[in-house]
Amino acid sequence: MIQDSINNSGYRIGNFTSSEIWKLTTLNKKGDDFGKPALTYIEETNLKRLLGRSLNADMNSKPTSWGNLLEPRVFDLLGLEYTYSSQVTDVHPTIPFWAGSKDGTKEVENRAVIDIKCSYTLKSFCSLVMPLYKGKTRIEAMQDIRENTDSGEAYYWQLVSNAIINNCNHAELIIYMPYQSELLEITNMAKGNPSVKWMDYIGEDEIPYLLDGGYFKNLNKISFEVPQSDKDFLTSQVEKAGKMLVERFNLTTK
Amino acid sequence: MADIDLHQKLQPELNIQARENWLKNINRPPEKTAKQADYKNIPDKSDYDTIPIGILENELDEVYLGLWKTSIPTYQVVANEIIGTMILEVYDPSAKVWLSRIGSGAVTIRQKKDSDITDIGAKIKTALQMDFPKLYSTCLKNACKTLGKRFGRDLNRKFEDVYEEIYTNEIELGSIKDELDRSFINCNTHADLGSLWRNYPQIHENSKAKKLFEDYKYELELKILFESKKEKMMPQTIESANRIIKNREKNSFTKLHQILTSL
């Protein structure tokens, strides 16, 4: 399969991306057309096409920079079967306006795309992992997250989208929260990193962490097979939305 | 560090390699310097190197084909010193623009030995006849230093850096990188890697190439380590390690290295 992968955000701007693709799955009350979030997202994507840049840059917010700081650490905690590629943007093999940056893959018999979530609040972490501790696994655990957390839908469709783009039938959500004993190492990792400069000014109790030996584990995984019906539905929604995209404004440099 | 793509996008008419070559030339050490003590009797600064003003002006003529000019220096008297600033402009032939550089300096109004600095009566009667023109040369020397080492940058400085043609190195290496990568895949011993390095003498001074070969060396040692530890590994780990080495998954090298060394 021929597929474009690039090391910058160029392909993300003005294209539908996995992280926001859930919006395209929303429907109106009748259920026969796009819902409000989808229409707003299409409109914003069109604006980006005209501007040639993103509408807002939220890359330095605490939750985002916290996640970016911890992602490589989580990868180090995973086994050799995992690959890490969060800086690479993949483009759908046949739909050029559909892109996504998976965090990596799990190279096993049932190859899976992975997404790492490092919650910035303990409440958010608990709500994501609670299904596992209630004994739910696989798609059932994912279904629980979709129904009971604010970001559940976004996380689920992000994985579905990346699975489609990367021709995978499986996906894995990895949820991480450091133990208290890991904090020293993490603050050392943060030194000299301007996007997490805020960590210099806060106390240990303001950094989210788990007590060592507590109820929750630091690393939690939900692996599931992506339903073909959801793959088909998302693909048709993206194709439909694609018909509403405007041509990009041709930027010239002086 | 700015990236080469951005430069090429914003300044498509600029020949980056020619520009870097120009900058490299004006960042060679100065051809003629003198010990300050040789022409000024300043015992405490006898070790200081300087470029005499006449030589400096001649250098400006030679390098910029006489296309340089200065502003009238601003000046102000502070106690027994005159301080001033001046703008030096040179026409840069490689960038095809006039560049402005600011120089500043101070000269002492000479007084009789051991006198108080506030004692105007102690001023040598014709001191400014020599001291005021010296302000011009001091400011000019200071402005010239910003042009490059050839004009006195880093003279008498404890910490100095060498101009590195980072973009030229990148372009040069970029043109053969795929070829090097393909050859590296067939390297199984240090001797193979050494032979690959010797086959490309044109990149021996290229810092990016040196870094690339350091990475190759690390990767090769990982391969060798893996071969030596294979017997102690579980089949699934062997499979993952094979994949990491074959696909050159650099993000996983450290992790694999740690696992292999712990066996």
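## Packing around helix α4 of chain A

The buried residues of α4(A) pack against three other helices and two strands of chain A, namely α3 (122–133), α5 (152–165), α7 (228–242), β8 (170–176) and β9 (219–225). In this predicted model, α4 of chain A spans residues 138–148, and its buried residues are A:A141, A:M142, A:D144, A:I145 and A:R146.

One of the elements that these residues pack against is α5 of chain A, and A:I165 lies in that helix. A:I165 has a relative accessible area of 0%; because buried means under 20%, A:I165 counts as buried. A:I165 and A:I139 are 26 residues apart along the chain, and their C-alpha atoms are separated by 20 Å.

## The interface between chains A and B

On chain A, 12 residues are in contact with chain B, and on chain B 12 residues take part in turn. Together the two chains bury about 990 Å², of which 57% is on carbon and sulfur atoms. The rule finds zero salt bridges across the interface. It does find five residue pairs in polar contact there, with both residues at pLDDT 80 or more.

Two elements of chain A, α2 (62–77) and β3 (82–84), each supply at least two residues of the side that touches chain B. β3(A) gives the most to this side, with three residues. By residue class, the side of chain A that touches chain B divides into five nonpolar, three polar and four charged residues.

## B:R243 at the interface

Which residues does B:R243 touch, leaving out those up to four places away in sequence? On chain A they are A:L80, A:E81, A:Y82, A:T83 and A:E107, and on chain B they are B:R248 and B:E249.

B:R243 is found in helix α10 of chain B, which covers residues 235–246. Is B:R243 buried or exposed? Its relative accessibility is 13%, and the cut-off for buried is under 20%, so B:R243 counts as buried. The contacts of B:R243 include A:E81 and A:E107, yet the rule finds zero salt bridges across the interface of chain A and chain B.

## Confidence

The model scores ipTM 0.80 and pTM 0.76. For chain B the mean pLDDT is 90, and 94% of the residues of chain B reach 70 or more.

Technical notes
Residues numbered from 1 in each chain as written. Chains lettered and ligands numbered in written order. Predicted model: local features only at pLDDT ≥ 70, side-chain atom pairs only at ≥ 80, totals over all residues. Heavy atoms only, no water. Contact = heavy atoms within 4.5 Å. Buried area = accessible area lost by both parts, 1.4 Å probe. Salt bridge = Lys/Arg side-chain N within 4 Å of Asp/Glu carboxyl O. Polar contact = N/O pair within 3.5 Å; in protein donor to acceptor, adjacent residues only side chain to side chain. Helix = DSSP H or I, 4+ residues; strand = E, 2+ residues; numbered from the N terminus. Nonpolar A, V, L, I, M, F, W, Y, C, P; charged D, E, K, R; others polar. Buried < 20%, exposed > 50% of the residue type's maximum accessible area, 1.4 Å probe, protein only. pLDDT = per-residue confidence, 0-100.
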